[in-house]
Every structure is written in C-alpha cells, then in structure tokens.
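Here is a short report on selected backbone features. Look over the chain first, then read on.

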Amino acid sequence: MSPDADSPRGPGRPSSAGGRGTASPPGRRRGALAPTLAILGVLIVLILGLASIWTDVLWYSQLGFTEVFRTRLLTEIGLFVVAGLLTGGTVFAAMTIAYRSRPVYAPVAVDQASLERYRETIEPLRRLVTIAVPAALGLFAGSAASQRWETFQLWWNRVPFDQVDPQFGMDIGFFVFTLPWLQFVVGLLTTITVLTALVSVITHYLYGGLRVQGPAPRLTSVARIHLSVIAAAFLLLRAVDYWIGRYAMTTKQPTSRFVGSTFTGLSYTDANATLNARGVLAAIAAIIAILFLVGAFVDRWRMLPLYGVVLLVISAVVIGGIYPAVVQRFRVNPSPQSYELPYLKHNIDSTRAAYGLDQVKTQAYRAQTEASPQDLRDDANSIPGIRLLDPALVSDTFKQLEQNKQYYQFADALDVDRYTVNGQSRDAVVAVRELNLGGVPADKRNWFNDHFVYTHGFGLVAAFGNEPSSTGAPAFFEGGIPVRGTLGKYEPRIYFGEESPEYSIVGGPPDGPKRELDYPDDASPTQQANTTYTGKGGVEVGSLLRRTLYALKFREQNILLSQGVTDQSRIMYHRNPRERVEKVAPYLTLDGDPYPSVVDGRVVWIVDGYTTSNRYPYSSLSFLDQATADSLTASSTSVAALAQEQVNYIRNSVKATVDAYDGTVTLYAWDEEDPVLSAWRKVFPSSVKPLASIGGNLMSHLRYPEDLFKVQRTLLARYHVTDSAAFFSGGDFWQVPPEPNPRTGTAAGATTLLPRQPAFYLSIQMPEQDSPRFSLTSTFIPTQGGRNTLRGFLAVDADAGSEAGKRREDFGTLRLLQLPTDTIKGPGQMQNDFNANPTVSTELNLLSGTGGASTVEKGNLLTLPMAGGFLYVQPVYVRGKGETSYPVLQRVLVGYGSKIGFAPTLDAALNQVFGTSPLTAGGTGGTGGTSPSPGASPGASPGASPGAGADVRTSLQQALSDAQRAVQDSDAALKAGDFTRYGEAQTRLKDAIARAVAAQGRLGETASGATLSPAPTGSPAAAQ
C-alpha cells in the first residue's frame, strides 16, 4: 500500500517536513494566535487562582486559623496527587503495554484491514492521546478524591467510641471513621480498574492484540495475560466490596416493610440471609480472581475463569437476591413481629443514643382541665416567665421605635436571650441595629460611600420578653443612639453581622480624616458623628501588593487606585458570623439562627456547631432540612433551616463566638466526650479551646440550640416508644402540630400544607422542678385520627448557668410529659376555641376599627404546664395601616381546659379563667386585682355581692353587641350613600365603645371578669 495513497495530504502534496508552499506563512500566523490566546487564558486563570489562595492565607492568618487552611489544603493536594497519579499512571501503563505488545503481521481479516486505516489516521496523534487520556482521567479522579479530605482525616485521626454495635461486636468508631474510607478506597480502585480495562481492550483491539473475527486466536498471549490480570484485580476488589458491604448494611433501609414504620439497620432477613450471601459471594469472587491468574498462564485452564464468571453472576442472582427474598416472603412476612422485634430493638436503642434521647426523663402526666385559684398560686413563680413579646412579630415595632435611620435595619425575626436586670434574670427579646446599604439614598450610593463611609451598624436593642410598656409597645431596657440602658458600657459598633456588606475598607492614620459614618448625631453641624476604625479586624491592605491582590479578588480596580486606601487601611470580608465559623471549622454543621449578646463589653454573635455522621449503626436517618423546617423558617429570611443533609448522629459539640467589632472567631469544645469532635481536635489541635476557658459572662448567655432540639423532637415523636412490640404496631406515634396561627403566605384552611409549629424559648417550671428554668419547649399531637389533642409536652433545660468553665448540672436535660389520654386540647383546638369564641371575635372586630383601619395579629401560641394542667397563652397585637405601621400588644388570650380569658393584661386574663391571679393573690406583686373575700363567688371582688360581676359582664356583652350592630349599620349606610344614617351609626358606635371600655375597666379593677365559654362544638368555626 502506497504511503501517499491513503494520506490525508493526497498524492504529490508536500509533507510537513518537505518544502513550504506560499500559504505556509499566513497559516503559521493564524496558528500562532490560538496558542497565544490559550496561554494568556491559562495565565489569567493562574493569576486569579493565586490571588484567591493568597488572600485566603491572609484571611486565615489574621484570624489565627492558618492551621485549618494549611491542613485542609495539603490534604486536598495530597489526595489529588495520589489519586491522580494512581489513575493516570495505571491507565498510561495499560495503554503502553497494549501498544508495545501489539503483533507484527499483515492483516488478513476484513476488520483488521479497516483498523489499519484507522491506525494510520490516529498514528500522528498516538503519543498525544497516550498522554492526554491518562492525564484527563487523572484530573477527574484527583478532583473527586480531593473532595474526600474529611473522610481521610477522620480515618487517619480516628478514636474509639467505646461502644460496640449489636451485630458484629465492633467498636462504633469503625463504622463512623474507618468504613467510609475503606469504601472510598475500594470504589476508587474499582473505577481505576474499569477504566484500565476499557482503554486496554480498545488499544488491544486497535493494534491487533484482540480480534473478533478470523480463524486465528482471538487474543495474543500478552493480551490474554494483560486482560486476565485486570479481570483478577477487578474480581478481588468485588470480593472486598462484598465483604465490607456486610458492615455497611448496619445503616441501610431494611428489606422488610411492615405496617407503621421502617427502620434503619439489619433486619432478620439481612442478618440471617443477606450477610451469609455476601460472604459466599466474596469467597466466589476471590476464587474466580485466582482462576483468572492461573488461566492466564495455563492454556488448559483458559476457559475456566469464564465459567467462574457465569457462576458468579448466577450466584449473585440466586444467593444474593432470590434466597433473601424467599426467607423474607415465606418466613418473615407471615409473622414479622416474631422475627423483627430484636432487630427493631437495636434500632430503637441506637437511635436514642445517637440523637441524645437515651437520657430523656419521661413522666406520665395526668393533666386536669379544671383548676382552683390555689392550684394557680402553687405555680405563681412560673407566671413572670411567660413571654408575651413574639420575636417573630415585633421586628417592625423595633424598626419604627429603634431603627433611627433608614440605613439601619433589624432582622425580620428577633432573638431570645437572658440578662440580669436589677439583680433578676430576665428573658429578653434582642436584636442588633445592622447596616442596610439598601436604605442609603440612591444619590448617595457609589463605590466609595458603599465601602468607606457606610461600614457598620450600631448598638444592641433589648426589651423585656414578658413586660410590655403601658402602650403595648416593647419595654426596652437597652437601646437608643448613642446606646443607653442597663447593660453598662460596651463597644456598640457592628462591623461583622448577618447583613454586613460584602467588604468594607476601614482604618487610617489617627490624625487623618474620619470617613466612616459612626451614628446620626443631631447635635453635630453635619447631623452625624464620624469615626475611624481602630480595631484589629480585617486584613491589612496598605501595601501595593495586597491592594493588587484584593483588586483581583473582588474584580475592582478602585481598590488599587483609590486614595482612600492608606498604609493603615484594613479590608473586612467574609463578615457573616455563620460564614466565618464555617470557614474556620468546615467540619461543623451550623445552627440556622446565630444570636447576639453583650459579653464582657463586646457584642458577640453566638453560633452553635454540630458534629454529625450518617454512619452510626442501626440509628435512623434524618433529613436535617426537613427536621428543622417550621413556620418560622418558612416566613423569615433571618432564620434558616439546616442544609439538606442526611444524618443519623448529631451532637452540639462546639459553641462559637464571633466578635461583632473585630470579627475574632473563638471555638469552644462544648461536648468534650464526643468522639467525632475528639477526632477533629486531633486534626486541628489548636483550633478549639476547652470548655474550661469559657468565662462566666459568656456562659450565662449560652443556651440549648434550637435546631438540635427540633431534630430531637422529630425523632422523639416516634422514639418515645421504647417497647419493640408497641413500636412495631405504631399506634402511639406522634407528630409536631402544624402552625395553629398561620401568617402571611399560608392558607389557614389547608392544615396539611401548614408548616410545623416552632419551638419556643421561655422560662417555665416543669413538674417536680422547684423553680422556673429558661427552657426550649414543644408539643406533640397524635399522627392518626386527625385529632389535634395534646399527647406530649417536651422541654429541655436551656440555661447553662453562669459559672466560668462549667455548665449547670441540669443543662440539656430533656423532660417529656406524656399524656395518657386525648382529653387535653392541642394547640390547634385551643386556637380554634379562641377564634370561634363570640365575645373574643366581637372585640377583635372592634380592635380592627371601622373599615379595617387596623389589623389584628395574633402572636405565638405558648403552651406550658401549670396548675396541674396546661395553660395556653397568646398575645394579640394591633397594627395600624400604612408603611410605618407596627404591631402593639393590646390583648392577651388565655386558655385552660374549656375556659378562655381575654383581657388587656395577662393578669386580668388569668383572673377571668381562674377567678384570681397569682400575681396579686400569690404575693408576687403586680397589678390586676386582689383576692376574693371568703364566701364570695369566684371572680367577685372583696365586698361585692355575688351578682356584681355578672352585672358588669352583662353590661360589657350589651355594649359589644351594640357596637357590632352599629358597625353593620355604618357599612349599610355607606353602601346606600345615606350619610345621615352613617353619622347616626357612628355616634352609636362611639357610645358603645365607650361603654365597653368602661365595663372592661370595671372588670379589671374588681378582678371579676367572666369566664368566656368556648365556641359550641357544632359551630362551623370549630371544624379542624
């Protein structure tokens, strides 16, 4: 065959090594452009990548966490190099062996003749392909391996759990730390083997080592040995995979599906059939691998490995699939309870241990629906802890009363904390006044103002959680600009917050111009006070090199050119508290709601960090995003559910703080016994401080984390049942109730679509406790029957105490009140009673005003054990119309059993339900009435006749009815255009309102308010 006959250049055309035609110089110039552009592109990418890495080094170095960045980077590089070289080197070696062992002969078969033309076509590119293909595969493998740096480090620094699994008797640390790494290694090697086999077969086929046609042998001896070794390696890896897969079954969903539930871990069929099957398959795969090696060198055994492969496939189907199915179908399914209960018990015990539910204190609570004034007096200390200020509702109130300027803002859902005021620990609703660049006037927005002038927020605002002002607005004990209040002197500037700008450039010479707007100051000629940052936060950016680096990082040339950047300037970025903690502790799952506190003269953000795993044997898997989602995360942008992650082990192992002034991140070991945290502390020895280093002031603001509690309550809805047989039947499973008071964006009638009710921080006194404790609470209702009755009440002691370096003994204790019957109304039923009560409904219409001048908004419906039963408390707010409107607390709803109280104060509402208030009768102080005299009917004032309260109630009811008719007449007159009738109706309305207010006042003064009857059972409003 002529060399030129099949050449792409055609006969007679000059070769590349021959003479040059006239078209060559232009061709060369065109050919030089693409490589030049490619080189420039690579250089740009390298420069930008270098700038990103360098600025990361500077950021970690400034915070003192260089160890974290260095360890992670080196681990990723090491895994990338090892996996990349192993993959690329193996593929390259396979291609080279296949090429060099090609037979030298003239093709005789038709397919070989065709392949000869392909070989001639690709021959000029062969060396490039031999390098490019392994390199590309190595890059992909290295990139994938580098993402498993956490798996490697946990395996390398593993520690024992000192607990064993019930099936294999192995330490749980093997399943959590070692098994994931072994599976990754086996998976990587299997992938490399498959890729090697693929390129080897292709290369052998192209160059004649493997033929599919013709009378000659299909494989050359070298090709047979080569492919047999690869096949043996693959089968050995399959054997290892079968074997270690036995241990991985401890976290799989079972093959059995029985009524009511499924559980994680081995079932009876898995333990007695599938485990044995996998062991047999592992042995068969290993034997066949040996046969491949023998068959590669012994001709008479050449076909034996192929028979072995057929045997393996048949065995995988019969032993691995049919046999367990037969056991399940004919042994387990006819009587599953007889076989599954021991394995279900493993799941129950392991789940409770993995989620910290094994120490829950469960108490059978026979709640009553009737209580006497004496019962309420016994629980008088609990009343002051009832939080009337709804942090999810009063953000607009904070904005209107404390925002001060449009370039400040508060979160749309505020936080709950505790402060000692006048010697008493008080629950408080708190928020920081953060910077809002969106509120800066449009004509003032430019790059310089955004990054040099508007740099920080100012001050923390705090209001009592249970004590509104006389007007219904929050009673602030800290606020204002400049800050004033009871918290003492502290650094109020908020440079690091949840709404801070992407980056700010701060600092400068002491005698230089003060460019940063500090706070509005009416006494100043410029109406503002300016400042220059003097802290250590941010990275120094004064040098030309660093200015260039950050100009590249943020793609902003002004950083390099602006004269506002001086030798003492610092650049602040990664300013969100969660983001900062996430970068210095990438192994933590962070709580969705960081909260601010004033600690030792500084505002700090407190962030809870969780260590998690999805490899705890037998423990049920949970989706964190689903478990932590509720009505608050659905309606708020400042409170987020956790990321979509599936776990079956979780611990609140780390408490982190972020200084709002200088951005300092401090990590404290909160659960020093957690093995996962212990492993990470070996990885990063200096990054986490011990529990003993937590100061007393900081300790007093630490609390039980909300997201952990929501995960635990989700699991406890089923795993409060510890008896295997009862769990198997599923008859006593619970659920977290849907939000009983849906707000904007939620359909009130579609209960199946409602998000779950959030958990609430408040101070309560659980049965057998001697005093109220700051707690986190939630309720449970049945999953079956559609009834919104209360079946369980969960509270966790959330007060860490105030002793330096030591948590309070009862902190984190979960207490579950388990109700034996469906006699107690759940939140949904109580909310229905509130809404349907005619007296409440009428007065709410009055509060709304004529023509909807105002809007009534109901706050969080709180549930708390009290007076031998359960008390429901719900604040009622009124919001006016207009952009500057805000909610003000006007009424309080109280429910106990079938009784409802509705009054301007909690004290008066309790009077209506119980006939007296513990705030007055119990001697704890307060206003709202006194004790009835002996012989008087419940609710009567001292010296009043038994019928006096009834007369006042009758007057109130008549006034409300008259007001309702006047409202209806007013609407009818407006529609008819009769303004004379409208004026008369308005006059009657004003008179009725005045009479109603007077009657309500008399009720409050005499402490004789009527108990409001719930809506009739058959009313339409009572339907759930």
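Where does tyrosine 618 lie? This residue sits in the loop between β18 (602–613) and β19 (622–623). Keep in mind that the model is predicted.

**Positive phi angles**

Tyrosine 618 is not a glycine, yet its phi is positive, near 70°. Is tyrosine 618 buried or exposed? Its relative accessible area is 0%. Buried means under 20%, so tyrosine 618 counts as buried.

Glutamine 527 also belongs to a loop, the one between β12 (516–520) and β13 (528–531). Glutamine 527 is not a glycine either, and its phi is positive, about 65°. Its relative accessible area is 43%. The partly exposed class lies between 20% and 50%, so glutamine 527 falls there.

Arginine 555 has a positive phi too, near 55°. This arginine follows helix α14.

| Residue | Phi | Place |
|---|---|---|
| Arginine 555 | near 55° | after α14 |
| Glutamine 527 | about 65° | loop between β12 and β13 |
| Tyrosine 618 | near 70° | loop between β18 and β19 |

**Helix α14**

Helix α14 covers residues 544–553. Which of its residues are buried? They are Arg547, Leu549, Tyr550 and Ala551.

**A cis peptide bond**

Which two residues does a cis peptide bond join? The partners are isoleucine 481 and proline 482. Omega for this bond is about -10°. Proline 482 is placed in the loop between β8 (476–479) and β9 (484–485).

Definitions and conventions:
Residues numbered from 1 in each chain as written. Predicted model: local features only at pLDDT ≥ 70, side-chain atom pairs only at ≥ 80, totals over all residues. Heavy atoms only, no water. Buried < 20%, exposed > 50% of the residue type's maximum accessible area, 1.4 Å probe, protein only. Helix = DSSP H or I, 4+ residues; strand = E, 2+ residues; numbered from the N terminus.
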